[in-house]
Amino acid sequence: MKPASDRAEFAAREASEPKKLFIKSFGCQMNVYDATRMADVLAPEGYEETAQIEQADLIVLNTCHIREKAAEKVFSELGKLRQLKEERQARGQSTRIAVAGCVAQAEGSEILRKQRAVDLVVGPQNYHRLPDLVRESVSQPVVDTEFPVEDKFDHLTAPSDEKIRERGVSAFLTVQEGCDKFCTFCVVPYTRGAEISRPAAKIVAEAEVLARAGVREITLLGQNVDAYHGMGEDGAIWSLARLLRRLAQVEGILRLRFTTSHPNDMTDDLIEAFADLPALMPFLHLPVQSGSDAILQAMNRRHSAQDYVRLIEKIRRARPDLALSSDFIVGFPGETDADFQATLDLISEVRFASSFSFKYSPRPGTPGAELPDQIDEAIKTERLYRLQELVERQRQQFNASLVGQITPVLFEKPGRHEGQVAGKSPYLQPVQVDGRVELIGRQVPVEIVRCGSNSLFGRLVDPGSEGAA
Ligand code: SAM
Ligand code: SF4
């Protein structure tokens, strides 16, 4: 129970001055999206976002449970927050600390036991209830990790046009959540629950709100986004391809992307969409995890390395300018030198423009954690190093291959230096050009003249287009 003075002070503040909110997100893009929606749902309660954590009346840690390190970070962060809470308390300021996201879902009330400074724990399916939970937490700590019957998206507040503009011309939009695949290394099916797809009409309505406020690029999100099968506007079940075709008609939307996909759900209609939907960017994140059939089978990925290679060939035939990225796990239980070499061979054969790679992290409750033959940490480190060296070489070669080419760039923000403006290529590479900020929100052709280690540098093909509407 909180002291009565604390409750009274909080209630008084509830009713009067605006309050400050600080959200820190860990992990995937879906958490980034969820964080924006948490800010939206708290805005009508008077919570205004701040970048200064010391000023925050409510601090939300939006957590990730995918690897052990990610989960550990949360508890070290909470230790620091307890200190901050005590310092603010000494100055007569109260602070609520909320733990949201997948660690909240996985650990629930255990978090309150481990860190008493926490006031509330809320799972990824319940954050639409944040205003009530924050109020309830004034009298005692609360935990809400039940999978609710109602759809949280029906209870979220739409962001204001001003808020959308502040967030920029590129936005995320969750269309699908959860996963039924049960890869043996992965906690997602347990923390995010069973696969659900949002109805297309609601997604289209959200896209229209974003576009009217100036968003030009939308990335559709889902843990298994290419498995999307939501109720369509015509009452039929729509695939992701059908949804993309509909979203391409939303006025103002110039670019569409989707992530993250599973190879087994890359259906022919989705591949066709790459062929004939110009708004769909020629860049696909398609995790393969391993190049060894034995490891893929142990991971329950349900496809072989050859299946993946053949699939890529098919997508490339449909969209020859397609570039790829992937996720890789090294050191899955039982991975031999030959298995690891098969992964390097697959990378050499496919060639990736970028990728994410991780050492296998045994997650409690997943089948992988129970397997014999867990791999030594030093071997994982050495394999990760070798794999990252190879993919980094491929990334740099891909970046260099764009020099001398003309590519459309969607401008997003002022550049690093005065007189520069920065945007993204179709392949998500940052591009800097000399130009005016009026270009922000527009997609124009740029000739790439040079590539740095992380950015490309270019010049406007038609400098006259700068001022044009
Ligand atoms: N749904 C996607 C898929 O099918 O590949 C990815 C979801 S997961 C949030 C993102 C990535 O984290 C995975 O692709 C995998 O490479 C990595 N990952 C998941 N569990 C892991 C674990 N236990 N250890 C190391 N990496 C892991
Ligand atoms: Fe996790 Fe992706 Fe496998 Fe689902 S498909 S269990 S989210 S890695």
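In this predicted model, the residues of the shell around ligand 1 divide into six nonpolar, four polar and five charged. The shell holds 15 residues, and among these Phe185, Gln223, Gln289, Asp327 and Ser361 come nearest to the ligand. Two strands, E15 (323-330) and E16 (354-359), each supply at least two residues of this shell.

Three of the nearest residues can be described through individual atom pairs. In the case of Gln223, a backbone N or O atom is found 2.7 Å from a nitrogen atom of ligand 1, whereas for Gln289 the atom concerned is an N or O atom of the side chain, placed 2.7 Å from an oxygen atom of the ligand. The side chain of Asp327 likewise has an N or O atom that lies 2.6 Å from an oxygen atom of ligand 1. Taken alone, ligand 1 exposes 560 Å², and 90% of that area is buried by the protein.

Attention then turns to the pockets. The second largest pocket has a volume of about 390 Å³ and is lined by 28 residues, with Asp321, Leu322, Ala323, Phe398 and Tyr427 lying nearest its centre. By residue type, this lining divides into 18 nonpolar, six polar and four charged residues. Strand E15, helix H16 (377-401) and strand E17 (406-414) each contribute at least two residues to the lining, and the largest share, four residues, comes from H16. Strand E15 thus appears in both descriptions, since E15 supplies at least two residues of the shell around ligand 1 and also at least two of the lining of the second largest pocket.

Note on methods: Residues are numbered from 1 along each chain as its sequence is written. Chains are lettered from A and ligands numbered from 1 in the order in which they are written. This is a predicted model: local features need pLDDT of at least 70, side-chain atom pairs count only at pLDDT 80 or more; totals for chains, interfaces and linings use all residues. Side-chain values use heavy atoms; hydrogens and water are left out. On a 1 Å grid over the protein atoms alone, a cavity is a set of points where a 1.4 Å probe fits but cannot get out, and a pocket is an open set with protein on both sides within 12 Å along at least five of seven lines; lining residues have an atom within 4 Å of a point. Grid points are joined across faces, edges and corners, and a volume is the space filled by probe spheres set on the points. Ala, Val, Leu, Ile, Met, Phe, Trp, Tyr, Cys and Pro count as nonpolar, Asp, Glu, Lys and Arg as charged, and the others, Gly among them, as polar. A residue is near a molecule or strand if one of its heavy atoms lies within 4 Å of it. A polar contact is a pair of N or O atoms within 3.5 Å; within protein, one must be able to donate a hydrogen and the other to accept it, and residues adjacent in sequence count only if both atoms are side-chain atoms. Accessible areas come from the Shrake-Rupley method with a 1.4 Å probe; for residues, only the protein chains shown count as cover.
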